[in-house]
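Me: Hello! I am new to reading protein structures, and I would like a close look at one small part of this one.

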Amino acid sequence: MSSQYSTLCTAQAASRVRATFVLRPTLLASLLVMASAAQAQQVALADTVSMKEMVVTANRIEQPLSDLVADMSIVDRETIEAAGAAGVADVLSRLPGIQMVRNGGAGATTSVYLRGADTRFTAVYIDGVRIDTQSASGGASWQDIPLESIDRIEVLRGPAAAVYGSDAIGGVVQIFTKKGEGKAKPYVGLGWGSRGTVKAQAGVSGGVAGWDYNLGVSHASSNGFNSKTSAGSNPDADGYRSNAFNGRVGYQITANQRVEATALTSYMNAGYDAFVSPISPMADDHSIYKMSAVGLNWQAKWSDIYSTRLQYTQSRDFYQTKPSPYETDTRLHSYLFQNEWKLGAQTVTAALERREDKLVNSGLDIGSRERSQNALALGYGLNLGKHTLQLNARHDRDSEFGGHTTGSAAYGYEFIPNWRATASAGTSFRAPTLYQRFSQYGVASLVPEEGKNVELGLKWGKGSDSFSAMVYRNNLSNLINYVGKASACPGNMGACYANVANARYEGITFAATTRVGVVNLQGSLDFQNPRDMDKDLQLARRSKRYASLSADTKIAGWKLGAEMQTAGKRFDDAANKNVLGGYTLWNLSAQKQLNRDWSLVARINNLADKRYELARDYATEGRSGYIGVKWEAN
């Protein structure tokens, strides 16, 4: 029941933002670096670097990053490969506006807080396939997504329900696998790390006669460490093993028509320590995760101004515990018909979408439950010189809740060369999970959680230098918490899910990149105040202040990097009684292309062997090392 415990701990707390923050020295240093980056203009490079990169997550259509008002980050393949034995959540936690919490080591229950919002408030897609669970409070099972299969990640910060519907309250994370091209390129990779960690991958990608393909398999395992430190818990090492497959095959029917099939599946068996049982306090507890994301889509460009996309996807999130008998299985099917018109400086989109959820769980009132949502989404974009405008509206018709309409408006203005101001506002919602409504803790009268967000931004960019500041406030009503008071539950229920709270996620995010000599620098600094507005308490497991800073350079063919991550204190509980201390971590990495076909990556995480907790009574990994080699035909 760790997911219910996490819901109870993270979904209560609150208050108004305080105007003054006390800075830790490391945070102050990060802020100074970023302030200097905003003025740095030592490198005379063309203004065509990363801002011309194409993204699809903001509005579900391909757009240049420079055309967007939205607040986005991109993680490329080189960064993913340099991560070593880390997971997807670890990589995301180095981005602006994101914190990660894990109940132990890799394979344990993992939460990702985007702008302070709970895990269930981030919509997650793999190659356009929505992944989610209808068990407990919902959200993606981050620990089950294999990093080895990923080629690129796009992160959209801020509500996007007017584009994606339910769940996108905090933002959207879109994960992409690799698309093949050119001659066949087989590859094999092996890696070894601390605590018996082993990683292996193999595959092939390429393209011929209109076809393109990428197929890969991967394996990861580790002996792990004792994740639960409380008295009476099993002192065994909680390791894991996982296997994954990813495939992406496309065919260019004509110059203007393409079909593509994608698939990613994974299996993980991870050890954990459950709550102490007087019957079997030293049970060898294991979690079994099975995840799949399968999609089929057809794209057609009918003219210079009109194109369409037709897509069918299905995903599965299966969770089982042993030897304690618990099992839950979520199936999700989606259908999308997307239309796009390009009319000079204007872009118009219209989409019809259907989503079907099914949950099989012994805790449900009748063993399984289903629901569906039908939606119409409209979008309008204008990019006219110094002015950028984006408008979106969407209406979702839920089989149980009826209609729900969301909207957003965003505007950007380049008031002087290289400087841009942005403003946006939007509404969002998340429908209760089937477990929250129909389990032994469920309440059928639950209503959707709703959000109202406003934000202001300032962006500057020239060559390799950039600076941004984003201020946001996201007010949530009808927040669903797991409560243990009979007074809040109908009938004689001793505990239940209930719409009992209002929350606010607000803060400011600074981010910057620059180049000093031969060294590339990038950093981010977040001040936030995620609060339970009813009780005026801070939401659990989220720091008010956190930052990251990284530097890399190339020397004698090596790419050498160093990272710093720091976070202030947090509270482990909703009552703000149990304090989790702040921490600072240092990581080192090295990459080298040994020859045309062979490459090497090495990494040391938590260089100073810092002892800290992300969740009370759960250990985190100390210093760890990893080295990997990869052969890929070129």
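Are Glu260 and Arg258 buried or exposed? Please walk me through their surroundings too.

Reply: Happy to help! Keep in mind that this is a predicted model. Glu260 is buried, and Arg258 is buried as well. For Glu260, the relative accessibility is 9%, which is why this residue counts as buried: the cut-off is under 20%.

Now let us see how these two residues pair up. Side chains of opposite charge can pair when their charged atoms come close. Glu260 and Arg258 do this through a salt bridge between their side chains, at 2.6 Å from N to O.

Each of them has another partner too. Take Glu260 to begin with: its side chain also meets that of Arg248 in a salt bridge, with 3.0 Å from N to O. Glu260 belongs to strand β14 and Arg248 to strand β13 (residues 238-254), so this pair ties together parts 12 residues apart in sequence. Arg248 has 14% relative accessibility and therefore counts as buried.

Next comes Arg258. Its side chain forms a salt bridge with that of Asp212, at 2.6 Å from N to O. This pair links distant parts of the chain, as Arg258 sits in strand β14 (residues 257-272) and Asp212 in strand β12 (residues 211-225), 46 residues apart. Both Arg258 and Asp212 are buried.

To set this part in context, the structure holds 43 salt bridges.

How values were computed: Residues are numbered from 1 along each chain as its sequence is written. This is a predicted model: local features need pLDDT of at least 70, side-chain atom pairs count only at pLDDT 80 or more; totals for chains, interfaces and linings use all residues. Side-chain values use heavy atoms; hydrogens and water are left out. A salt bridge is a side-chain nitrogen of Lys or Arg within 4 Å of a carboxyl oxygen of Asp or Glu. Helices (H or I, at least four residues) and strands (E, at least two) are DSSP runs, numbered from the N terminus. Buried means under 20% relative accessible area, exposed over 50%, partly exposed in between (1.4 Å probe, protein chains only).
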